[in-house]
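User: Got a minute to walk through this model with me? I'd like to take it one piece at a time.

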Amino acid sequence: MSFDLYLEGLSYFANPIMFIASFLGVLVGIVFGALPGLTATMTIAVFIPFTFGLDPVISFAFLLGLYTGAVYGGSISAILINIPGTPSAIATSLDGYPLCQKGRAGEAIGISTVSSAFGGFFSVLVLCVAAPLIANVALKFSAEEYVGITLIGLSIIAVISPGSIVKGLIGGILGLVLGTVGLDPITGFPRMIFGRAELLDGIDSIPVMIGVYGLAEMFSQISKNDFKTVVSQKLSKVIPSGKDIKRLMPTIFRSSVIGTLIGAIPAAGGSIASLVAYGQEKRFGKRRHLLGTGIIDGVAAPEAANNASTGGALIPMMTLGIPGDPMTAVLMGGLIIQGLRPGPILFQQQMPFVSSIFISLLLSVVFMLVIGLAGARIFSRLITIRKNYLIPAILVFCLVGSYAINNSLFDVGVLIIAGIVGFLLKQVNFSVAPIILGMILGPLFETNLRRSLMLSGGDWSTFVTRPFSLAFLIIVVLVLVGPLLLQLVRKQKTACEDEEDENGGV
Amino acid sequence: MKKGLLVLMILALVMPVFANGVQEEGAYPERDVTVIIPWSVGGMTDVLTRPIASWLEKDLGVNFIVENKTGGSGVVGSMLVENSVNDGYTIGTTSMSTVSAKYVSPVYPDIHNVELISQVITIPAAVTVNADSPWQTLEELIAFAKANPGSLKNANSGIGASAFIYAASFGAITGIEMNHIPYAGYAEGVTALLGGHVDLTNIPLPDVAQHVQSGTLRMLAVASAERHPDFPDVPTLKEKGYDIVLGNYSGFVAPKGTDAEKIKILDDAIGRCLQDPAIRSFLLKAGYQPLYSNRVEFAAVVADAEAQLEYLVNELGIEFVDD
């Protein structure tokens, strides 16, 4: 990769339309991402047809803006109304919403913006410097390694369940069961579809997510019958202080690395990345005991990770022509329609175009930072709208969003059922995050477990003889029993110290 | 003020009720045509259908609105086409998976419940291995497979899905036994081959082409009737003595009972579209082989696909559904 060719890509940006396209993309992406139910994937899918007539470079400046904006925008609704705008913002709501309830929504959005921008920036750098290298490592990941990664994701359910671990596990298993609906991924046998064609692909996790978060939240607000009181929001501290950023830097950096790497693994994507980042913060972060109560660390970790996964997901797409997540799959379709099939050939022969994509992504990160920080005040003022206006509006968005995913009324039914179930679960202090995580990760885990065993001829040792797979399994064990071990070590240590004290005393 | 707003809002909500009140019959098509794609945005069918739809817009002077109705590997959208009003203003797209769905899904569309309009492309299946593998020719691969039955891992796109059908047919005609490993789709299957986790795949040409060109994969044979223009050195299975043509197709269909005149108008327009060098070069660049067949010829292609599947299921006893 020569530097000259990179510069050639820069020449596209002499055209001011590039900047306008990128800016518009980010702006529209943030708005769509923030609306419950309009996921990043859908946002891109909706707008791709509009870009067909445009020059590919301009259309991609716009689409990458959408991509970056929508992944970031999902955090805004997660923070303000406890409804993750996209699945990758689930972890953000765990600390973001409590912050909002304390009147610190502006600060949370500010931190989310800065972390997202850093994550995005970091991943673009990695994309520019090491894309082919990382892509080749990601290729070495077979079904066994996916089993490891999804297990890490699942084990984090135990970590992030606030309050009762048992309730978290029940939720996780409920999610796993819901995830088994549909055609068996290996044999194609229909499972629990009750003769409905809509269930062949399984229950879509998005309407369930909007239901258990959005609809359920609105139901419980309505049942409280208190529309007048609003949490007053402190708007003074929107741009995070240098001190906060400095303190959070290790967290943001760690999460950016995690996000980029997980994003680069085909099929993993932002939702797993943000979850793993939050999980490691919960395990190793300096203020882990406060996580979940509403601290900015809990917003920074998942947000840095999910935006880092955007650049990460472009790595296999640009170098191998393999989409890293559903969003890049749609983006890739957009490129193919323009007559450019991403992959090794495009990467070798059209370097200026490839570098223009990298620069566009960088540009969109900058615009995201600007729009996010400038808009944080306006966003957090939205939440101070009186609830008798806010609740109906959100309900409409939930309904429209879940219909729009597959243009199917069936999904609206799923949404309403999920909303009622979610509302009931809330009454018994059930956390709903494990249900969604189980639904998203369960099918990935099952398919890859069975595929690994088909590849190995039924030999279970394949999971421990492959180095990456073994490493992932060790991480799972550490996540699950780590705290117990730590406690044990600490107890012995204090016991020893006590003894020493006694001895010293004598 | 508030009351005024309320009245306005109610009016705005009520207006659409009157919008579609009056319709007159004129020369077809006189209003927008909806094109239902049962697969997702950016997918194979989507990529090839959209440029054709926008070409038709210019040619016929009305909008062709493309809608992706995904779900059940195309079952949901295909059944939606079947159940749409047959006034010629809703059409859909079809591929071999519309035919094979009945072996997999408890509810499935029937290709005989729609009127065929025209076929637009064909996608040949291929025999592809990793460039690092020891097999330089098809003969070497088959000799190895015969010496080590069941040891070769073949990546497909899901049991019962298209690449599985190609792999099963390939195994049957060459008399080799393989270990079929299902992946979620073409991209995932090719990824597994690139990573060296499987030994070969019969995934069609567009998805392996660029990796063959860049030298990471090696295509040993292509399952089309003639050699592919981009790969003149790769022999066909026919040349190697296996008389079989494998691959997918894509085309347009309309709900059963759509007026034959309207079908003819659409078919003729699509025929003109496929003559356009711009469309042809777009399709070729995206990896498809443009192949226009009119409604009559298309029926023969579909019948062939049906016969091939029947043969696999009934004669070879290949099970698509494993219970």
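**Sheet, interface and helix packing**

Analyst: Sure. This is a predicted model. Start with the open sheet in chain B: five strands, mixed pairing, in the order β7-β6-β8-β5-β9.

User: Which strands stand at the edges?

Analyst: β7 and β9 (217-222) of chain B. Each has a single partner strand, so one side of each has no neighbour in the sheet.

User: And how do β5 and β8 of chain B pair, parallel or antiparallel?

Analyst: Antiparallel, over two bridges. β5 covers residues 126-130 and β8 covers residues 200-201 of chain B. Across the pairing, B:Val129 sits opposite B:Leu200 of β8(B).

User: Which strands does α6 of chain B lie across?

Analyst: β5, β6 (153-156), β7 and β8 of chain B. Helix α6 is residues 162-174, and it runs at about 145° to β6(B).

User: What about α8(B)?

Analyst: That helix lies across β5 and β9 of chain B. Its angle to β9(B) is about 135°.

User: Zoom out. How many helices and strands does chain B have?

Analyst: 11 helices and 11 strands. The chain has 323 residues, and 51% of them count as buried. Among chain B contacts with a separation of 6 or more, 74% join residues 24 or more positions apart.

User: Now the interface. How many residues of chain B are in contact with chain A?

Analyst: 44, and they meet 41 residues of chain A.

User: Which elements of chain B supply at least two residues each to that side?

Analyst: Five helices and a strand: α2 (44-60), α3 (75-82), α7 (186-194), α8 (205-213), α10 (277-285) and β7 (179-182). α7(B) gives the most, with four residues.

User: How do the residues on that side divide by class?

Analyst: On the side of chain B that touches chain A, 18 are nonpolar, 18 polar and eight charged.

User: Switching to chain A. At what angle do the axes of α3 and α13 cross?

Analyst: Roughly 10°, and the axes come within 8 Å. In chain A, α3 is residues 40-47 and α13 is residues 326-337.

User: Why call α3(A) and α13(A) roughly parallel?

Analyst: Because angles under 35 degrees count as roughly parallel, and these two axes cross at roughly 10°.

User: Which residues meet there?

Analyst: From α3(A): A:Ala40, A:Thr41, A:Ile44 and A:Ala45. From α13(A): A:Pro326, A:Met327, A:Val330 and A:Leu331. By class, that contact has seven nonpolar residues, one polar and no charged.

Conventions
Residues are numbered from 1 along each chain as its sequence is written. Chains are lettered from A and ligands numbered from 1 in the order in which they are written. This is a predicted model: local features need pLDDT of at least 70, side-chain atom pairs count only at pLDDT 80 or more; totals for chains, interfaces and linings use all residues. A residue is buried if 20 or more other C-beta atoms lie within 10 Å of its own, exposed if 12 or fewer, and partly exposed in between; C-beta atoms are placed from the backbone. Two residues are in contact if their C-beta atoms, placed from the backbone, lie within 7 Å. Ala, Val, Leu, Ile, Met, Phe, Trp, Tyr, Cys and Pro count as nonpolar, Asp, Glu, Lys and Arg as charged, and the others, Gly among them, as polar. Two strands pair if DSSP finds at least two bridges between them. Axes are lines fitted to C-alpha atoms, for helices over the stretch in contact, and angles run from 0 to 180 degrees between N-to-C directions.
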